[in-house]
Amino acid sequence: MLKILKGIKSIFVHIRSSLKFIFLIIIATVLIVGMISLVYRPMYSVTLDGEFIGYTTNKSKLQKRINEYLENGDGNIAFIDVEKLPEYSLCLLKKDNQTNDDEIFEKIKNSGTTYYEYYAILEKSKEKYYVSTKKDAEDVINKLKEKKSTNINDLAYSQIHSTELKEFKDTDSIITALYEKPKVVIASAYATYSGERIVSNATPSAQVLGIGLIKPVSGIITSRFGIRSSGSHKGLDIATSTGTTVAAAASGTVTFSGWDTYGLGNCIKISHGNGVTTVYGHCSKLYVTSGQKVSAGEAIAAVGSTGNSTGPHLHLEIRVNGVAQNPQLYLYK
Ligand SMILES: [Zn+2]
């Protein structure tokens with residue numbers, strides 16, 4: 001019996017000394033880990049194609065940023081083609097080792113082939129100019145179309161994907177460089193008027209130095225007489241459709257019928273006496289010739305958009321002794 005008790009006691013002593021030992025090991029481990037974590041921390045060492053490029057603590061965040069950039073690009077960068085992706089290995093490093101996610105990102109960006117996306121303006125299928133966005137490319141083509149550039153059918157744009165980035169030009173200078181002014185065959189403006197000669201029986205609504213005036217066309221006033229940033233507008237613009245017959249504002253003698261080199265295109269000038277002259281610009285057709293006598297309301301021309309014009313309208317001037325008056329003092333009040 002005593003032998004058994006002794007035996008149990010010795011087991012207890014043995015367990016107690018073992019527990020002490022385990023306890024000491026735990027304390028020592030905690031102390032060592034604590035000391036290590038004061039000086040060291042876990043980081044990822046990043047290598048690209050075997051070459052060390054930096055440290056990061058947040059591997060998934062960095063890789064996500066890289067993936068997004070490679071796939072979606074930025075600005076004119078469409079995407080980047082990299083042969084190898086970075087490799088990460090976890091290690092314990094002294095805390096004073098700097099992480100440098102931005103540098104790693106730049107190094108990976110530069111390691112790949114960059115594909116740019118931009119737009120070329122083509123003339124006769126040849127790349128002439130480059131712009132950054134599709135909107136810029138469309139603007140160039142649309143504005144040249146609006147300006148009736150004669151080469152419009154030779155112009156186009158296309159999207160470029162290239163490893164080479166070209167120099168971009170601003171849309172205004174491209175438009176100026178590509179614009180080709182429409183050439184007007186002057187002789188073709190003369191036409192024979194086939195309808196009733198007198199197209200307006202209106203009674204004069206105003207007098208200028210005794211000369212009664214009627215409206216040559218009816219339409220919408222799109223530009224009034226007066227000072228403009230580009231100079232002064234010496235007449236009144238009345239917009240109506242191309243081909244609308246223009247009536248002489250009063251009887252008189254045609255002093256000019258032909259092409260006006262100052263921007264009025266196909267143009268007619270009539271002298272009414274007493275120093276009063278009327279001018280009709282941008283016509284598509286001319287029905288009278290210089291020296292011809294006309295009556296008030298007689299068909300003299302057809303509305304057009306020739307010369308310096310952006311759309312069909314009649315440019316009407318009333319001059320007294322050569323000085324342009326505001327036509328709205330008399331007509332279209
Ligand atoms: Zn005008």
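These legends go with several close-up views of a predicted model.

**View 1. The whole chain, and how far it stretches.** Start with the overall picture: the chain carries 5 helices and 22 strands. Its radius of gyration is 43 Å, well over the 20 Å that the globule rule gives for 333 residues, so the chain is more spread out than a compact globule. You can see that in the C-alpha trace too, which spans about 155 × 40 × 35 Å along its principal axes. As for burial, 27% of the 333 residues count as buried. Among contacts with a separation of 6 or more, 67% are between residues 24 or more positions apart.

**View 2. Three domains along the chain.** The division goes like this: domain 1 covers 41–111, domain 2 covers 116–178 and domain 3 covers 186–329. How many Å separate the centres of domain 1 and domain 3? Taken over C-alpha atoms, the answer is 74 Å.

**View 3. The β1–β2 hairpin.** Here we zoom in on strand β2 (residues 51–56), which runs antiparallel to β1 and is joined to it by 5 bridges. To find your place in the ladder, look for Tyr-44, which sits opposite Thr-56 in β2. The two strands make a hairpin with 2 residues between them. Keep an eye on Asp-49 in that turn, since its phi is positive, at about 55°.

**View 4. β1 again, now with its partner β4.** Strand β1 (residues 40–48) also pairs with strand β4 (residues 87–94); this pair is antiparallel and has 8 bridges. One handy landmark is Thr-47, with Glu-87 of β4 opposite. Put the pairings together and you get an open sheet of 3 strands, antiparallel, in the order β2-β1-β4. That leaves β2 and β4 as the edge strands, each pairing on one side only. On average, neighbouring strands of this sheet are turned by 35° against each other, ignoring direction. If you're following side chains along a strand, remember that in a regular strand they alternate between the two faces of the sheet.

**View 5. Helix α3 on the sheet.** Back to the β2-β1-β4 sheet, this time with a helix in the frame. Helix α3 (residues 101–111) packs on the sheet and touches β1 and β2. Its direction makes about 145° with that of β2.

**View 6. Where α2 meets α3.** Helix α2 (residues 59–72) and α3 have axes that come within 11 Å and cross at roughly 30°. The crossing of α2 past α3 is right-handed. Which residues make the contact? On the α2 side they are Leu-62, Arg-65, Ile-66 and Tyr-69. From α3 come Asp-101, Ile-104, Phe-105, Ile-108 and Lys-109. So α3 has two sets of neighbours to look for: β1 and β2 in the sheet, and α2 in this helix pair.

**View 7. Strand β20 and its partners β14 and β18.** This last close-up moves to β20 (residues 299–302), which is antiparallel to strand β14 (residues 245–247) and linked to it by 3 bridges. In that pair, Ala-247 faces Ala-299 of β20. Strand β18 (residues 285–286) pairs with β20 as well, in the antiparallel sense and over 2 bridges. The bridge partner of Lys-285 in β20 is Ala-302.

How values were computed:
Residues numbered from 1 in each chain as written. Predicted model: local features only at pLDDT ≥ 70, side-chain atom pairs only at ≥ 80, totals over all residues. Helix = DSSP H or I, 4+ residues; strand = E, 2+ residues; numbered from the N terminus. Rg over C-alpha atoms; globule rule 2.2 N^0.38 Å. Buried ≥ 20, exposed ≤ 12 C-beta atoms within 10 Å, placed from the backbone. Contact = placed C-beta atoms within 7 Å. Domains from an automatic or database assignment. Pairing = 2+ DSSP bridges. Axes fitted to C-alpha atoms, helices over the stretch in contact; angles between N-to-C directions. Left-handed = near helix turned anticlockwise from the far one by under 90°.
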